[in-house]
Structure formats: structure tokens, C-alpha cells
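Trainee: Could you take a close look at a single part of this model and describe how it packs against its surroundings?

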Amino acid sequence: DGLWSGLSTATKGVAAGLGTMVASSVAGYQSEGGWGLVKGVGTGLVGGAAIAVTGTVCGAAQIGCGVYNTPQAFRGRREQRVWDADLGQWVDIDLVKLESQVIAEGSDEETEAHTPSESVKETEYYDLLRVKPSASAAEVKKAYYKEARACHPDKNPGDAEANAKFQRLADAYQVLSDPESRKKYDREGKSGVSEGNVKMDPSVFFSLLFGSERFEPWIGELQLAMQTGQLAKAMERGGLDQGAESLEQEVMSDNSKVLKQRQLHREVHCAVHLREFMNDIVYRRDESQFEQRARLEAADLAQCQFGPELLAALGEMYKLRAEIYLADELVGRFSLTKQMVSMKHSGKTMQHKLNLYSNGVNSLLQVKRVHDVSKASTPSAPSAPSAPSAQEGAETPDASAEEKMEQALEEALPLFLQTAWAAVVTDIDSTMKEVGRKLLKDKSVPWQIRVRRSQALQRLGEIFFEEGTKALASGE
């Protein structure tokens, strides 16, 4: 198990590194245009390299431990236990205890109300989001999601008024989501907030990009958003000049612990959500009610940005994890059925990883092209202009350089988004594996309940996959 855990950790590190590079590039372009993308590329390459190296080093260490502990691994798997890397031993999963632990540790969201230090100078941004000046950070984020979804450009093509409102909402949220800029806005209003100092919340960026906010109970906060957010905080503390080595140390120390805890919370929340959603069929044996709820939920999720794709990916992983457990429990650990379904799962996840690496390599090549164009577009020392058209000669090169930059960015962005999406799919693969373990190996319930959960998860996966592929086929 340590071998596969190590390979998984190394893969996550590389995936997060590639994803961070892409995310920084796209976010930079959205905030500052062409030159923002170039700046984002530089930031992403430094941070992405640090995260990739960190994941690879941790993965190598886990592979070594796995080789050493192979006999214990066979025993632990036979007893439906899970390896705990922190304790260095095989443990039983108790979802009830894990849920209590997560509740005791508190939510990742900031839920405390915001208290302005003095009377708020203006409330335009608060009014745009339809919240009070005392709203908590979580309430501000929720309000932004709600308002932004209604006027998102993808839902309102060609509607200039909706696009303008979407931009105003983004400006308001960028200010109110940052504690320091929010305090300054409360004191001085819009005139006191510098747009250059405002930073987009990565979780919001990816939620709007991939429509994952509606999927949050099912997949949680994306690793790409968590990694990019922690990287942004690390670079904000140390500045862009700290270099890859110091940034790697930053990511490997406190941030890695924070990310690990947030990922555990994510997995537990998703497992608990699945447990509650499947109660109709697991305990009450009401198959028709479960089927109806599942199809209504899937139809609603399919309406989101990237909804059909997320549904299909999620449904596929649900089915595979359920089939693996059922084959292990009802047919036999070393049975042909178990080996076949395990190979199917491994083949699918490997395909997704190779797709990520392929897109990542192509993105890096595209980054180089954009960098070359931006370097060639940098103004050099002006030569002596001809007398008749001095002004025209000074403007034409700049206009030409801008056009070349725009063309390079138009070619690069689709590929960057493909790479980000590939990172999301590999994240869903690895996260749903852990969610499935916590749900299906939960020793707080009898084995009969665990089998029923597996059968319910298998059916839910089939419904999600069917609805997702149907929506993709119909172009919804």
C-alpha cells in the first residue's frame, strides 16, 4: 500500500505543480491582461516547481516505507483497514469519530461576523452583493457565488449589461474577500482601494471556472484551488524574489500541514454527505425515492459550468470504488473479478494522469512561446525616426506587439484550461478513492451496512454517469 500511496503522492505533487502554473497564468491574464499572464507564468513556474518537487520527495519516502511494510499491508487490507501515514500503522476507519474530529477542529471557512472599526464610508460594494457591512467572510463568498452565477458571461452571451455587472461583482468581491482591503474600503471607500493590490480568491476563481461551487458537497474544494491559495499566501509573505528554494521550504513546512488537514476535512465532508444522501436506500430500502432524488440532483448538477463533465467523472469513480469493495467483500480479495475491476480502475486513473502530463508538457511549450513573444515585444532603445512620420513610426510597433501578444494568448489559454481541467479530473480520482475508503470501510457500522452502501454508491455512480453523458451528448 505504501508503494501505491507513494506513487499517488508523487503524482499529486506533479499534478498540483502543473495546475499551479496554469492557474497562475490564467488568473494573471484575467486580472492584468497580457502582461499579467506573463507575470503569472513566472510566478506559477516557481511555485509549481516547488510543489512538484515536494510531492515527488514525499512520494519517494512513502514508496520506501511501502516496500518495507509489505507483509503488514497484506494483513491490513485483508482486515479492511487503512494505512495511517502519521501514525505509521494500519488503522480502522470510524466515520462517526472522523466527523466529530472535523467538527471539533472547526470549519475552514471564516464564519465570524465582520466588525468595521468605524462607520463605513460607503456601502456600494456591500449593496452589489446584497449583504450587510457586518457580514462574515463566508456570507460574502456565498452572496458572490449567488449573484455571479446569475450574470455569468457564459449564461448571458452577448449581454453587455450582464457582463458589466459580472465585472462589478468581481471587483466588489476582490475587495471584500481580503481582510485588509475590506478594512481600508470601510474607512476610505473605493477611492482608498488600489486595484493592483487586490487578489482573486483561488477557490472562487476555480469555482466559477469549472462550476465546482454547486458540486462542493460532492467533491469539496478542489486541490488546485487549495494549492494555489496556499502558494499565493506563501509568496505574499515572502515576495516574488524569495526564489524556488525558499518557496519550497515554505510549502513543505506549515502549508503542507494546513493542506493535509483541509484535504482530510474535504474527504470526511464528502463521505458524510454521501452517507446521508444514501440513507433512503441503505436503511429504509426505498429504492424509488433514492432513484428519484439522485436523478433530480444529477439533472441540477448538469446545468453548471463543466457540470456534465464533472458528473461523468464523479459517477465513473463512484462505480469503480463500489465495484472494488463489493468484489473484495463478496467474491474474494484474490478473485478474478476483483483483479479485473482493480485493473479497470488503475487503467482509468493512469489514463487521466497521462492526459494531465501530456497537457502539462504542451502547456509548458506554449508558455515558452508566449514568453518569447512578450520578450520580442518589449520596447528596445528607439532608433532615429524619419522626419515625416515620426509619430506614426513610434506607435505602429507598439500596436503590432500588442496584436502579437493577443494572438499568442488566444492560442495559449485553451490549452491552459485543458491542463487545469486534467488536473481537476486526477484530483477527483484520488479524492474519491479516499472518500470511498472512509465510507465503505467504516467500522462504526456492521459489514452488512457497508455492503448496502457499496451497492447504493454503485447505483448512484451509474445515475450520475448516465445523466452526465446524456447532457454531454445533447450539448447542454
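**Helix H17 and its partners**

Mentor: Gly-475, just after H17, takes a positive phi of about 75°. The model is predicted, so local features need pLDDT of at least 70 and side-chain atom pairs count only at pLDDT 80 or more, while totals for chains, interfaces and linings use all residues. Residues are numbered from 1 along each chain as its sequence is written, and side-chain values use heavy atoms, with hydrogens and water left out.

H17 covers residues 447-474; helices here are DSSP runs (H or I, at least four residues), numbered from the N terminus. The 28 residues of H17 should span 40 Å at 1.5 Å a residue, and the end C-alpha atoms of H17 are 41 Å apart, which agrees. The expected span is 1.5 Å times one less than the number of residues.

One partner of H17 is H14, residues 307-331. Their axes are 7 Å apart, and the helices pack at an angle of about 150°; axes are lines fitted to C-alpha atoms over the stretch in contact, with angles from 0 to 180 degrees between N-to-C directions. H14 and H17 are therefore roughly antiparallel (over 145 degrees; under 35 is roughly parallel, 65 to 115 roughly perpendicular, the rest oblique). The crossing of H14 and H17 is left-handed, meaning that the near helix is turned anticlockwise from the far one by less than a right angle, clockwise being right-handed. The contact of H14 with H17 is made up of 17 nonpolar, seven polar and eight charged residues. Ala, Val, Leu, Ile, Met, Phe, Trp, Tyr, Cys and Pro count as nonpolar, Asp, Glu, Lys and Arg as charged, and the others, including Gly, as polar.

H13, residues 287-301, also packs on H17: the axes come within 9 Å and cross at roughly 40°. That makes H13 oblique to H17, and H13 passes H17 in a right-handed crossing. From H13, the residues Phe-290, Glu-291, Ala-294, Arg-295, Glu-297, Ala-298 and Leu-301 meet Ala-456, Arg-459, Leu-460, Ile-463, Phe-464, Glu-466 and Glu-467 of H17, contact being heavy atoms within 4.5 Å. The residues of this contact of H13 with H17 are eight nonpolar, no polar and six charged.

For reference, another pair can be set beside these. The axes of H5 (residues 137-150) and H6 (residues 160-176) come within 10 Å and cross at roughly 170°. H5 and H6 are therefore roughly antiparallel. Their contact comprises eight nonpolar, no polar and three charged residues.

Key. Helix = DSSP H or I, 4+ residues; strand = E, 2+ residues; numbered from the N terminus.
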